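Reader: Could you take me through some of the labels used for this protein and show me what stands behind each one?

Author: Gladly, let's look together.

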Amino acid sequence: MKTTRTLFLLFTVIAIGFNAYAQEDKRPLMGNSYGIINIDEYVTLLPKSHNGIIKDIRLIDREHAGVRIFRLYDEVPMHYHAKSDAYLYILNGKAEFYVADKGPVVAGKGDLLFWGGKGTAHGNGKILEGPLDVLVFDALARDPSDVIWVDPSTKRNF
């Protein structure tokens, strides 16, 4: 009986630890050159709430391109990226978006957002339907520090 209880506790601790590890840094199991990624599985790992405005999971991170999913929790002030372009496919939700001096334009599930390229200011306004989950294709892979705020006073923590 004591051995059974000890084994049960040991497996419970291992399972809890593995689950936390898997959710924090889950990556595709196949090599970086090919693979299959079930996007829906990763969407379930995004927290319902977050103390920042965005939570993302990097799925593929190569020098020439990257793929991420993220959930937006709040408005993102106008910003741009100096070194990469991004193509955003809305998986769930609906929000207002601004690009350069245009907007708001409403984009929702099934819409693909893109703009002129590196250096093009963009942001999002109100989240009209949540959660707002986005699949992002970055070309070049975007370094997390490559966020330049148009108005530095609006800088937000991701």
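Reader: Why is Arg68 called buried?

Author: Arg68 has a relative accessible area of 4%, and buried means under 20%, with exposed over 50% and partly exposed in between (1.4 Å probe, protein chains only). Arg68 therefore counts as buried. A word on the background: this is a predicted model, in which local features need pLDDT of at least 70, side-chain atom pairs count only at pLDDT 80 or more, and totals for chains, interfaces and linings use all residues. Residues are numbered from 1 along each chain as its sequence is written, and side-chain values use heavy atoms, leaving out hydrogens and water.

Reader: What makes the contact of Arg68 and Asp56 a salt bridge?

Author: Their side chains meet at 3.2 Å, N to O. The term asks for a side-chain nitrogen of Lys or Arg within 4 Å of a carboxyl oxygen of Asp or Glu, so the pair qualifies. Arg68 lies in strand E2 and Asp56 in strand E1, so the pair ties together parts that are twelve residues apart in sequence. Strands here are DSSP runs (E, at least two residues), numbered from the N terminus.

Reader: And is Asp56 buried, or partly exposed?

Author: Asp56 has a relative accessible area of 29%, so Asp56 is partly exposed.

Reader: How do you know that E1 and E2 pair?

Author: Two strands pair if DSSP finds at least two bridges between them. Seven bridges join E1 (residues 54–61) to E2 (residues 66–72), so these antiparallel strands meet the definition. Asp56 has Phe70 in E2 as its bridge partner, and a hairpin joins E1 to E2 through four residues.

Reader: What makes Lys94 and Glu129 a salt bridge?

Author: The side chains of Lys94 and Glu129 meet at 3.6 Å, N to O, so they too satisfy the salt-bridge definition. This pair links distant parts of the chain, with Lys94 in strand E4 (residues 85–99) and Glu129 in strand E7 (residues 122–139), 35 residues apart. Lys94 is partly exposed at 30% relative accessibility, and Glu129 is partly exposed at 43%.

Reader: Why should I take care over residues 4–25?

Author: Over residues 4–25, pLDDT (the predictor's confidence in each residue, from 0 to 100) stays under 50. Where pLDDT is low, the predicted coordinates should not be read in detail. For the protein, the mean pLDDT is 76, and 68% of its residues reach 70 or more.

Technical notes
Contact = heavy atoms within 4.5 Å.
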